[in-house]
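Please take the sequence and the model below together, and keep both in view while reading. The paragraphs that follow go from the whole chain to single residues.

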Amino acid sequence: MRAPHWLALFGLILAAWAVLYMMSAPADLRAAGRLYGAEFWADFCTLTPDGAGFARMVAMWALMSAAMMAPTALPAFATYEDLARTGAETRFAALVGGYLAIWLGFSVFAAAAQMLLFGAGLIDPLGGSLSAALSAGLLALAGAYQFSPIKEACLSKCRAPLTFFMQHWDEGPLRNGLRLGAVCLGCCWALMLLGFVGGVMNIAFMGLATILMVLEKLPEIGRWLTRPLGVALLVAAAWIAVTGL
């Protein structure tokens, strides 16, 4: 994984996390950032839907998707590169580009959802839930989805990337990337929407969610994680529904 394309991918992931961290930094800390210019960072990090606008909200979600979802696909990307050593024709950039294109589409949907929820007064300016009903509903949705056949089917493909690529190899790297992204989206969309519960720009939540989604796609670990995580999410949903917290 020392080849230039791997270094570029790791650089993309690290850069996305760095920008998200700067976006989530407290306003007073950003204002103190004399090295970068307080006015620049204050403007760049305006993340409220009314202040940022739809296009910048999409860009923020795209950064979040790249930061959180690219690490979950690293085993699949590594498997794809291993196939190159067999003499098969591979195009790494096209595969990754197709994968991220799917998550860009999700980012458009998520940004629109954030704008609508903010306009309805259901979330705060940084994307955290202000409604117990919304929090309970999203947690219940994510918890129930952990037990769904669709989730299991998507996870089975993510956990066996070699089989996945062999089944669809003739489609080419771009379509394989799109298909891999769609499968990954099928695994993780409900967990990603929990950002509206924990806070869209909550770095701690994003880090925890990324770790869980990475582990869930590992064959030896994920099969012990998926259903217990679903139970935990359903319990959390019930607790919020009963207590109103």
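What follows describes the fold, the core, a pocket and three individual residues.

The model is a predicted one, and its protein chain holds 14 helices and 0 strands, so that, by the criteria used to assign helices and strands, the pattern read along the sequence consists of one α after another. Of the 245 residues in the protein chain, 45% count as buried, while the accessible surface comes to about 11,800 Å², with 71% of that area belonging to carbon and sulfur atoms. Among the contacts in the protein chain with a separation of 6 or more, 75% are between residues 24 or more positions apart.

Which residues have the most contacts inside the largest nonpolar core? They are Trp-61, Met-69 and Phe-196, in a core that has 55 residues, and the largest share of this core, 10 residues, comes from helix α7, which covers residues 92-119. In soluble globular proteins, nonpolar side chains tend to be buried together. Phe-196 can serve as an entry point, for, once its neighbours within four places in sequence are left aside, Phe-196 is in contact with Trp-61 and with Ala-110, Ala-113, Gln-114 and Leu-117, as well as with Ile-123, Gly-127, Gly-128, Ser-129 and Leu-138.

One of these partners of Phe-196, Ser-129, has its place in the loop between α7 and α8, the latter spanning 132-145. Ser-129 counts as buried because its relative accessibility is 18%, which is under the 20% cut-off. Its side chain makes a polar contact of 2.8 Å with the side chain of Ser-135, and a polar atom of the Ser-129 side chain also lies 2.8 Å from the backbone oxygen of Ser-131. Apart from residues up to four places away in sequence, Ser-129 touches Leu-122, Ile-123, Leu-134, Ser-135, Phe-196 and Val-197.

Val-197 appears again in the lining of the largest pocket, together with Leu-139, Leu-191, Leu-194, Gly-198, Phe-205, Leu-208, Ala-209, Leu-212, Met-213, Leu-229 and Leu-233. The elements that give two or more residues to this lining are α12 (195-198), α13 (203-216) and α14, and α13 gives the most, with 5 residues. The volume of the largest pocket is about 190 Å³.

Helix α14, which runs over residues 219-243, also holds Thr-226. Is Thr-226 buried or exposed? Thr-226 counts as buried because its relative accessibility is 3%, and its side chain is joined to the side chain of Arg-159 by a polar contact of 3.0 Å. Not counting residues up to four places away in sequence, Thr-226 touches Gln-146, Lys-151, Leu-155 and Glu-216 in addition to Arg-159.

A last residue to examine is Glu-81, which lies in helix α6, residues 74-84. Glu-81 is buried, since its relative accessible area is 17%, a value under the 20% limit. Between Glu-81 and Phe-92 there are 11 positions in sequence, and their C-alpha atoms are 7.2 Å apart in space.

Technical notes: Residues are numbered from 1 along each chain as its sequence is written. This is a predicted model: local features need pLDDT of at least 70, side-chain atom pairs count only at pLDDT 80 or more; totals for chains, interfaces and linings use all residues. Side-chain values use heavy atoms; hydrogens and water are left out. A nonpolar core is a set of buried Ala, Val, Leu, Ile, Met, Phe, Trp, Tyr and Cys residues joined through side-chain atoms within 4.5 Å. Buried means under 20% relative accessible area, exposed over 50%, partly exposed in between (1.4 Å probe, protein chains only). Helices (H or I, at least four residues) and strands (E, at least two) are DSSP runs, numbered from the N terminus. Contact means heavy atoms within 4.5 Å. Accessible areas come from the Shrake-Rupley method with a 1.4 Å probe; for residues, only the protein chains shown count as cover. A polar contact is a pair of N or O atoms within 3.5 Å; within protein, one must be able to donate a hydrogen and the other to accept it, and residues adjacent in sequence count only if both atoms are side-chain atoms. On a 1 Å grid over the protein atoms alone, a cavity is a set of points where a 1.4 Å probe fits but cannot get out, and a pocket is an open set with protein on both sides within 12 Å along at least five of seven lines; lining residues have an atom within 4 Å of a point. Grid points are joined across faces, edges and corners, and a volume is the space filled by probe spheres set on the points.
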